[in-house]
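Grab a coffee and work through these short exercises with the viewer open. Try each task before you read its solution.

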Amino acid sequence: MTCCASIASSLPEPGPRRPSVDEVALASKDLGSGLRQITLSVPDMRCGACMALLESTLGKHPEVHMARANLTAKRVTIHWHAENGSPPDFAALIGTIGYTAVLPMEGRDQPDGEISGLLRALAVAGFCSMNIMVLSVSVWAGADPATRQTLHLMSAALALPAVIYSGATFYRSAWRALVHGRANMDVPVSIGVLLSFGLSVYDTFAEGRQAYFEASTSLIFILLVGRTLDHLMRRRARSAAASLADMMPKGANVIRADGRIEYVPLSDIVSGTRTLIAAGDRIPADGTILSGQSELDRSLLTGESRWEAVGPGGQVRAGDLNVGHPLTVEATAAPGDSTLAELHRMLEAVEDGRSQYQILADRAARLYAPVIHGLSVLTFLSWFAVTQDIHLSLTISISVLIIACPCALGLAVPMVQVVAARRLFTQGIVARDGSALERLAEIDTVVFDKTGTLTQYEPTLLTGNWTGPLEFSLAVSLSRFSSHPMSRAIADYASRREWEALALDDVREIQGNGLEASFRGEVYRLGRAAWAASGDADDRTAAASTIVLTRQGEILASFVFGEKVRAGSAMAVQFLKSRGIAVEMLTGDVPEAALAVAREVGIDSVKAAALPKDKAEAIDALRGLGRKVMMIGDGINDAVALKSAHVSMVPASGSDIGRSAADFILLNGDMDGIKVALTTAGRAAVLIRQNFALAIVYNACSIPLALLGYANPLIAAIAMSTSSILVVANAMRLEIDGTPPEREMRRIKKLAGVG
Amino acid sequence: MSALSFLIPIALFMGIAGLGAFLWSLRTGQYEDLDGAAERILSEKDDKPLSG
């Protein structure tokens, strides 16, 4: 057990896939001189001891050259000697010390070294700009020409590294945009910096009075500060969501024409490829089974957690998990064309939905760049026409260019969203998209799913009757042969009482019905009443929550199960009602069960026995009435409803589809997160409005001043930077409710294994 | 003026020394993983007891 295992096990497992040795080899990078590198994501890494343990265990392996853990990104990077072909099984090794390793999702996290690069540029820009500032104090205070000239030359020399090295970030981005025919906000910044530097160099050699080296370098410095802060914040908000969402294999074992088995990446699988699916692997592409008999866990797509038996000729879909014996499957479509991939694409496209503010800001930015340039050129021409002084006109037009830059406007919304997402993350709520907060602030109706959302999955044993201690022992002994949640509940209950382990023969588990075994020559059954009592396996009308033990049809014991409502559900419903938000329940379960839970949590409006299609239609109906609906579900039969709601949440124990469809993931599983998320959304909306006001006021005041010639490049740079910093500082003011005492106590009790 | 001619270079030199030190500190990659760097100082692998 690891130091943090208790915390890890309190998270109902989403079931991350352990990568095979082949996948690791495929994903690794060649470093040259016989070394290869692989980065694995280890979401359970939580403290310094975890980090040290991982590094020392991996480091002790003979083939490993270096192992380094990154606690912030929850990853471990391993360098190993690769002469002997396939890599050691790192995932298994990490598994032996109690952690789960998965392959990180591609393209989600920023490349390593980006922060260091930014910091280097920032350091150089800071050094140069501050020293130039110091020198320019003397110049502006009135130095004699000889001193001034020397200081200008020194400033020029100091400004060179800043403008060339640190400014490269902006030039690259501006160049990339220009090459594609667009203009982003880095274009006016780059032009302003380069022009003012050029003008200042000219002035220096022409023995002019003023040089504006401070303007260009301090501009670069402040903008880099903003950019670095932005990067630092975004990192933390993403890493957990990315490692949670990773489920699909990156490749599969393919049987070639000559019978060879080769592990290939997913992109190499096409229609007609024969794949070998081992037990425990997920099917990579839709296809037909050629040979093999096995069971499939189709819950990824259908939510049906009961395994389905399949054989040759059966159809399988990408995402199904093979839980029985190896299968040979011929793919009928490429992995990218599978139902799973299509669903993911649809969901991602919807998630990518930009917020209204963002769209506004983007459109504004696209108009803005040409407008600024145009304005700047116009300024130059008009001042030149009036004064015939190129130098003055150029200076003023550069000032206009710099001061009109809409950096504050561009930062106004993202900064608040990133800060909010990061702070929510520390409270156990993952916001998958910044715009989701904005939509959250607008809702007036909340629809809850029941099973797995308001209640926990595991049934709890409410009451049990048995005719004698022997019967009880029989029931418990039988139940230990199955991993069905109800069996586990019985075993759990028994562990607190006295019972005797009996030797049973011929134990069989009949899917969907129960267990059967022989004891002292007689046949006993433990399972659904209809099946156990009369052997009628198809009659499903009896209540699903009673399990009986029978001998030849005679009932010896019965156990009644109920649903356990999650701790924070009732409070969450009450909070929503106090806010004037309408609360409804929409579930696929039977009406009696639904009403029972609704009564317990305080929901009045209940719709039961709803199929996934019905759920989606219900949401659409509410939207048709003009309501803004938030859907909270586990995604198992309401993925489409989650997608079509205005905003959606899913508890961490939900299905993968649910977690990629929803806007928020409640890591703690409790419904307390709803209150935190709602209050944060409200506050974030206020701050965004303030930021917009700040940015607009700044531009409205400063541009006329610059046009009239009252601002030189230095003042322009300072003003522009100040407005950006103000917007960032305002965003940091976002406060989140600290963990309320009751929640903290519950968390501590759970960790201690009490209550 | 004669004072400036050696004071400014001295100041710049000290500044460059500071910048160099910071850029050197970037090499260990601690800024990529600030939480990990904070925890690493507590690990005891390399400590040798002071003799005597």
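How many salt bridges does the rule find across the interface of chain B and chain A?

**Exercise 1: Charges across the interface**

Keep in mind that this is a predicted model. Find the answer to the question above, then name the partners.

*Solution.* Start with the cut-off: a side-chain nitrogen of Lys or Arg has to sit within 4 Å of a carboxyl oxygen of Asp or Glu. Run that across the interface of chain B and chain A and you get one salt bridge. The partners are B:Arg40 and A:Glu55, with their closest N and O atoms 2.7 Å apart. While you're there, look for polar contacts too: the rule finds four residue pairs across this interface.

**Exercise 2: What chain B brings**

Work out which helices of chain B help build the side that touches chain A, and what kinds of residues make up that side.

*Solution.* First, the helices: H1 (2-26) and H2 (34-40) of chain B each supply at least two residues of that side. Next, the shares: H1(B) gives the largest one, nine residues. Then sort the residues of that side by type, and you get eleven nonpolar, three polar and six charged.

**Exercise 3: Sizing up the interface**

Put numbers on the contact between the two chains, and pick out the three residues of chain B that supply the most buried area.

*Solution.* Count residues first: 20 from chain B are in contact with 28 from chain A. Now for area: about 2,100 Å² is buried between the chains, and carbon and sulfur atoms give 63% of it. On chain B's part, B:Leu12, B:Glu32 and B:Arg40 supply 30% of the area buried against chain A, more than any other three residues. You've met B:Arg40 already, as the salt-bridge partner of A:Glu55.

**Exercise 4: A threonine in a helix**

Is A:Thr57 buried or exposed, and what surrounds it?

*Solution.* Locate A:Thr57 in helix H3 (residues 48-60) of chain A. Its relative accessibility is 17%, and the cut-off for buried is under 20%, so A:Thr57 counts as buried. Check its side chain next: a polar atom there lies 2.6 Å from the backbone oxygen of A:Leu53. Leaving out residues up to four places away in sequence, A:Thr57 touches A:Leu93 and A:Ile97.

**Exercise 5: A strand and its neighbours**

Which strands pair with E7 (residues 274-277) of chain A, and what stands opposite A:Leu276?

*Solution.* On one side, strand E5 (residues 251-255) of chain A pairs antiparallel with E7(A) over three bridges. E7(A) is also joined to strand E13 (residues 327-331) of chain A, again antiparallel, by four bridges. A:Leu276 stands opposite A:Asn253 and also opposite A:Thr328 in E13(A). Finally, sort the faces: A:Thr275 and A:Ile277 are on the covered one, A:Arg274 and A:Leu276 on the uncovered one.

Definitions and conventions: Residues are numbered from 1 along each chain as its sequence is written. Chains are lettered from A and ligands numbered from 1 in the order in which they are written. This is a predicted model: local features need pLDDT of at least 70, side-chain atom pairs count only at pLDDT 80 or more; totals for chains, interfaces and linings use all residues. Side-chain values use heavy atoms; hydrogens and water are left out. Contact means heavy atoms within 4.5 Å. Buried area is the accessible area (1.4 Å probe) that two parts lose on being put together, summed over both. A polar contact is a pair of N or O atoms within 3.5 Å; within protein, one must be able to donate a hydrogen and the other to accept it, and residues adjacent in sequence count only if both atoms are side-chain atoms. Ala, Val, Leu, Ile, Met, Phe, Trp, Tyr, Cys and Pro count as nonpolar, Asp, Glu, Lys and Arg as charged, and the others, Gly among them, as polar. Buried means under 20% relative accessible area, exposed over 50%, partly exposed in between (1.4 Å probe, protein chains only). Two strands pair if DSSP finds at least two bridges between them.
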